[in-house]
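Colleague: Thanks for making time today. Could you walk me through how the labels for this model were assigned?

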Amino acid sequence: FRRYFETSADYREMRVQGQRLVLCHYPIERWNARDHGSWHLHGHSHGNLPSTDKRLDVGVDCWDYAPVSFEQIAEVMATRPERGT
């Protein structure tokens, strides 16, 4: 797999286009800055765990077996309520 990826990590936080993201292979119920607008992107559940507010399964089996773009993720997240609403 190293020929395809620069790094791998169990947990990572980053910003993309100003949006704070918490990335983990496994879905997490409580993630850093959850109540302050961050999104949690995960895999592992193969679409069998309902996504909640700003948690989204981005595993390829949920996206026609293709990688999902940030723009696609942002479109989905725009339809979801902010935490606490």
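Colleague: How do the residues of the lining of the largest pocket divide into nonpolar, polar and charged?

Modeller: Twelve are nonpolar, eight polar and four charged. Ala, Val, Leu, Ile, Met, Phe, Trp, Tyr, Cys and Pro count as nonpolar, Asp, Glu, Lys and Arg as charged, and the others, Gly among them, as polar. A note on the source: this is a predicted model, where local features need pLDDT of at least 70 and side-chain atom pairs count only at pLDDT 80 or more, while totals for chains, interfaces and linings use all residues. Residues are numbered from 1 along each chain as its sequence is written, and side-chain values use heavy atoms, with hydrogens and water left out.

Colleague: Which residues lie nearest the centre of the largest pocket?

Modeller: Those are F5, L23, C24, H25 and V58, out of 24 lining residues.

Colleague: Why is A33 called buried?

Modeller: Buried means under 20% relative accessible area, exposed over 50%, and partly exposed in between (1.4 Å probe, protein chains only). A33 has 13% relative accessibility, so A33 counts as buried.

Colleague: And what makes the phi of A33 notable?

Modeller: The value is near 65°, positive in a residue other than glycine. Most residues other than glycine have a negative phi.

Colleague: D64 also has a positive phi, of about 55°, without being a glycine. Why is D64 called buried or exposed?

Modeller: The relative accessible area of D64 is 74%, over the 50% cut-off, so D64 is exposed.

How values were computed. 1 Å grid on protein atoms, 1.4 Å probe; cavity = no way out; pocket = protein on both sides within 12 Å on 5 of 7 lines; lining within 4 Å.
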